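These are my notebook entries on one protein chain. I looked up its overall make-up, its helix crossings, its aromatic pairs and a few loop residues.

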Amino acid sequence: MAALSQYNYIFFITAILAFLDAWNIGANDVANSFASSISSRCLTMKQAVLVASITELAGSISVGSRVADTIRTRVIDPSLYAETPSVLLLAMMCTVFGSAVFLTIATRYGLPVSTTHSTIGGLVGAATASVGISKINWGVSGVSQVFLAWIIAPGIAGFLGAILFLFTKMAVLARKQAVRNALFSIPVYTFITVGALTMLVAWKGVQVVEEPSTELMIILVFTIAGGAAIIVALFLLPYLWRRIMSEDWPLKWYMIWQGPFLLKRPQPPPTPPGFNKLKIKNYYQGHLTPEELFYVRASDTLLKSVQTSPDGSCPIFLDNDDDFVLPPPAQAVPSMHGAIVAPSSSSTRCQTPNNDLIPPRPPGHWTTPKVFLWKINRILLHGLEQDVVRLQKINSVLTWDIATMHSKAQRFDNRAEHAYSFLQVITAAAASFVHGANDVSNSAAPLSTAYEVWLHNEVPMKVGVPIWILCLGGGAIVLGLLTYGYHVMRNLGNRLTLISPSRGFCMELSTAITVLMATRLALPVSTTQCITGATVGVGLANGDWRSINPRLVAFIYFGWIITLPVTAFLSGSMMAIILNAPTWATGVVTPT
């Protein structure tokens, strides 16, 4: 039985709010890890959720406790509540209240904010209302350290992203043998990615008593990362070589396990008419080159007015002609990237793209089993069936001149980009893993503190985070991405800069390395800041500042600025109201 059983309701409210807080972390922050993968068409929404379910839970459970301890102890000294542990229990409830309320509103409107900011702000507000603002640790070892991490993390991630993409572009993508170079670079980048994850797990592990020595660390990195690189070189590389370089169209995905023996396959037979033998996506589809954009906009100036006919066929009326012409079919503008460009954007302006991810409604009344089940699935799978790439093209207050912005980015061979799609999935998984390790603490730290106080009626200086709290936080994070993550995804990705698999890989790997460094130093940095900094850095590596969206960057920074004071105000107000609420005798109010 809990020592503070009279406050059971406070603890259970705290647990519910912590679950909501973690749900928002998934809906807001996990979108940062997978927005680039979905925007570049490497992953669908369903595939992203599947990968996140594994990596977020693994990172939360295996590595998520050190940062949780940091957030709990560095902002406010728990010993200040030693005489009244119940006040600390209430403070934790108010902390997650302020954070959860703000994150719910921000996520609903697609504002990518820092969930780390919101938790720190909630702690500052609750502590200010309970023990006073002077008791908060504003020094370098406390809140100021967090401020420094907020400033430094985007810069480091942006620098790493720019350097990594510039190197990849100059050494691989811009070369004459770009496809071959891209294939040969996969084992090298696999070694770097897996090595970074190995260091993270080895440094922190699953509640290890003693960290490994430098010698053991080197052995672990070279053994695990080297083994992964060898596996990729022996199995994935021959498969991609046959599929891309040899154009082996009968090759099936499950033949990858044949490894080097694939290179001995006979030459493929002639390709059937109309068959896409490479089965490679056009990763630049819908993103116009400067020449294509000039053609489209020049064509727009020739149209005087656009009116819609009663039958909805979108005819075009010209000022000096009573006749109308139907919109011409999409005619291919000569493009080395295979993009189909309509001669005029005006001619298709009245058309609304359909969401192909939603299956058609079965015939019949809504009470029939098939139709009723279809409606239930649409409710349960609402978050999975959002076409994020399509939503990113819809105008909003955050949009820049996206067409011009995308045209400033250099195009590369789709075959080379396809080779990097595997690496982007791997780095997205790595970024998701370190996200679970770093950001589960935002909800786990207050809840674990509340749990210890409620259970023992004392304020221990250092407590472990129970495994059930890490599981609860990790599960809520996955659920948040599943149901609500598309709101933030539509405001990131291609709205910030043009994203292709090679660019997305550089963004996610630099983000994972930055968060890895912060987790090693027990700094609760924001993955939102890291991925934003990395995206801006990669975008600027194109050599033109117009290849990024400065309006969206400013909007994101504005969200970071207001997060801490708003959450501090919400949690502090709730704490002050409850602590100073008047009490009356039952049925009698004594006049003053």
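**Entry 1: overall make-up**

I began with the secondary structure and counted 20 helices and two strands in the protein chain. I note at the outset that the model is predicted. I then looked up burial: of the 592 residues in the protein chain, 54% are buried. For contacts between residues at least 6 apart in sequence, I found that 82% join residues at least 24 apart.

**Entry 2: α1 and α16**

I next examined helix α1 (residues 8-28) against helix α16 (residues 467-484); their axes come within 6 Å and cross at roughly 45°. An angle between 35 and 65 degrees is neither roughly parallel nor roughly perpendicular, so I recorded α1 as oblique to α16. The hand of this crossing is right-handed. On the α1 side, I listed Phe 11, Phe 19, Ala 22, Trp 23, Ile 25, Gly 26 and Ala 27 as the residues making the contact. On the α16 side, the contact residues include Trp 468, Leu 472, Gly 473, Ala 476 and Ile 477. Further along α16, Leu 479, Gly 480, Leu 481, Thr 483 and Tyr 484 also take part.

**Entry 3: Tyr 451 and an aromatic cluster**

Two of those contact residues, Phe 11 and Trp 468, led me to the aromatic side chains. I found that Phe 11 and Trp 468 belong to one aromatic cluster with Phe 12, Tyr 451 and Trp 454. I followed Tyr 451 further and placed it in helix α15 (residues 441-456). Is Tyr 451 buried or exposed? Its relative accessibility is 19%, so Tyr 451 counts as buried; the cut-off is under 20%. Leaving aside neighbours within four places in sequence, I list Phe 11, Pro 466, Trp 468 and Ile 469 as the contacts of Tyr 451. I also looked up a C-alpha separation: Tyr 451 and Thr 14 are 437 residues apart along the chain, and their C-alpha atoms are separated by 9.2 Å.

**Entry 4: aromatic pairs**

A pair of aromatic rings is described by the distance of the centres and the angle of the planes. With ring centres required to lie within 6.5 Å, I obtained a count of 17 aromatic pairs. I took Tyr 189 and Tyr 420 as an example: the ring centres are 6.3 Å apart and the planes stand at 50°, so the pair is tilted. This pair links distant parts of the chain, with Tyr 189 in helix α8 (residues 178-204) and Tyr 420 in helix α14 (residues 414-439), 231 residues apart. I noted both Tyr 189 and Tyr 420 as buried. I also looked for a charge over a ring and recorded Arg 108 over the face of Tyr 109, at 5.6 Å from the ring centre.

**Entry 5: α5 and α6**

Arg 108 is the last residue of helix α5 (residues 85-108), and I therefore turned to the crossing of α5 with helix α6 (residues 115-130). The axes come within 8 Å and cross at roughly 140°. I recorded α5 and α6 as oblique to each other, since roughly antiparallel requires an angle over 145 degrees. The crossing is right-handed. Among the contact residues are Val 87, Ala 91, Met 92 and Cys 94 of α5, and Thr 115, Ser 118, Thr 119 and Gly 122 of α6.

**Entry 6: α19 and α20**

How do helix α19 (residues 527-540) and helix α20 (residues 550-579) cross? Their axes come within 12 Å and cross at roughly 160°, and α19 and α20 are therefore roughly antiparallel to each other. I recorded this crossing as left-handed. The contact is made by Thr 528, Gln 529, Thr 532 and Val 536 of α19, together with Val 553, Ile 556 and Trp 560 of α20.

**Entry 7: backbone and loops**

Most residues other than glycine have a negative phi. I found that Arg 41, not a glycine, has a positive phi of about 70°. Arg 41 sits in the loop between α2 (30-39) and α3 (45-63) and is buried, with a relative accessible area of 18%.

Glu 247, also not a glycine, has a positive phi of about 50°. I placed Glu 247 in the loop between α9 and α10; at 26% relative accessibility, Glu 247 counts as partly exposed. Pro 268 lies in the loop between α9 (214-245) and α10 (290-300). Pro 268 and Glu 247 are 21 residues apart in sequence and 7.6 Å apart in space, C-alpha to C-alpha. Beyond neighbours within four places in sequence, I list Arg 242, Ser 246, Glu 247, Asp 248, Trp 249 and Pro 250 as the contacts of Pro 268.

Key. Residues numbered from 1 in each chain as written. Predicted model: local features only at pLDDT ≥ 70, side-chain atom pairs only at ≥ 80, totals over all residues. Heavy atoms only, no water. Phe/Tyr/Trp six-rings, centres within 6.5 Å; stacked < 30°, edge-to-face > 60°. Helix = DSSP H or I, 4+ residues; strand = E, 2+ residues; numbered from the N terminus. Buried < 20%, exposed > 50% of the residue type's maximum accessible area, 1.4 Å probe, protein only. Lys NZ or Arg CZ within 6 Å of the ring centre and 35° of its normal. Axes fitted to C-alpha atoms, helices over the stretch in contact; angles between N-to-C directions. Parallel < 35°, antiparallel > 145°, perpendicular 65-115°, else oblique. Left-handed = near helix turned anticlockwise from the far one by under 90°. Contact = heavy atoms within 4.5 Å.
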